[in-house]
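Here's a quick tour of a protein fold, written for someone just getting started. Have a look at the picture first, then work through the points below.

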Amino acid sequence: MTERVAACACGQLQIRCTGEPTLVPLCHCAQCQRRTGSPFGVGAFFDAAATAISGTSRRWQRVADSGHPVTFHFCETCGSSVYWHAAKLPGCIGVAVGCFADPQFPMPTLEAYGGQRHAWVADLTSCTAVEPPTQAPAS
Ligand SMILES: [Zn+2]
Ligand SMILES: [Zn+2]
């Protein structure tokens, strides 16, 4: 089975992921821009049971527009944001795709917050566009 390791910039915080991601969303929202320092964020969700974490992290939690909290884990030394837990997806871990530094990583399947897409970023026509939640949490 495929094994991939995502690591922070200094290498001390790592997450080993076995098998293929269940979901690979790309998000243009302002929060993902700020968290990553990049014009958009790409995450890969894995079954938590198929992952193994090593190293130490600090965490930061925010409430997503869905109303559910998301807890981000980042390296306390270099600051890379490596993985997160979204309360809306229990049993899953989101991993920052850039931390795999793997050009062959599967492409995103979902594209969110297209309304905040930087003008020069191409529209990913192969992705399913999903609308952000507009109201307070229904689910
Ligand atoms: Zn680090
Ligand atoms: Zn986002």
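**Briefing: two sheets and a few odd residues**

Strand 1 and strand 2 (residues 14-18) run antiparallel and are joined by five bridges. Strands here are DSSP runs of E with at least two residues, helices are runs of H or I with at least four, and both are numbered from the N terminus. Two strands count as paired if DSSP finds at least two bridges between them. Keep in mind that this is a predicted model: local features need pLDDT of at least 70 and side-chain atom pairs count only at pLDDT 80 or more, while totals for chains, interfaces and linings use all residues. Residues are numbered from 1 along each chain as its sequence is written, with chains lettered from A and ligands numbered from 1 in the order in which they are written.

**The three-stranded sheet**

- Strands 1, 2 and 5 make an open sheet in the order 1-2-5, and the pairing is antiparallel.
- Strand 1 (3-7) and strand 5 (51-54) sit at the edges with a single partner strand each, so one side of each has no neighbour in the sheet.
- From one strand to the next, the twist averages 15 degrees (axes are lines fitted to C-alpha atoms, for helices over the stretch in contact, and angles run from 0 to 180 degrees between N-to-C directions).
- Facing strand 2, A7 sits opposite Q14, and E3 sits opposite T18.
- The hairpin of strand 1 and strand 2 has six residues between the strands, and G11 there takes a positive phi near 95 degrees.
- Strand 2 also pairs with strand 5, in the antiparallel sense over four bridges; one of the matches is R16 with A52 in strand 5.

**Two faces of strand 2**

- In a regular strand, side chains alternate between the two faces of the sheet.
- Strand 2 shows this: I15 and C17 point to one face and are buried, while Q14, R16 and T18 point to the other and are not.
- "Buried" means 20 or more other C-beta atoms lie within 10 Å of the residue's own, "exposed" means 12 or fewer, and "partly exposed" is in between, with C-beta atoms placed from the backbone.

**The eight-stranded sheet**

- The other open sheet has eight strands in the order 6-7-8-9-4-3-10-11, with mixed pairing.
- Its edge strands are strand 6 (57-63) and strand 11 (128-130), and each pairs on one side only.
- Here the twist averages 25 degrees from one strand to the next.
- Strand 3 (residues 25-27) and strand 10 (residues 110-112) run parallel, joined by three bridges, and C27 has A112 in strand 10 as its bridge partner.

**Two residues with unusual phi**

- Most residues other than glycine have a negative phi.
- A101 goes the other way, with a positive phi near 45 degrees; look for A101 in the loop between strand 9 (92-96) and strand 10.
- A101 is exposed, because just 11 other C-beta atoms lie within 10 Å.
- Y113 isn't a glycine either, yet it has a positive phi of about 55 degrees, and Y113 is in the loop between strand 10 and strand 11.
- Y113 counts as buried because it has 21 C-beta neighbours inside 10 Å.

**The whole chain**

- In total, the protein chain has one helix and 11 strands, in the pattern β-β-β-α-β-β-β-β-β-β-β-β along the sequence.
- The C-alpha trace spans about 35 × 30 × 30 Å along its principal axes.
- Of the 139 residues, 28% are buried.
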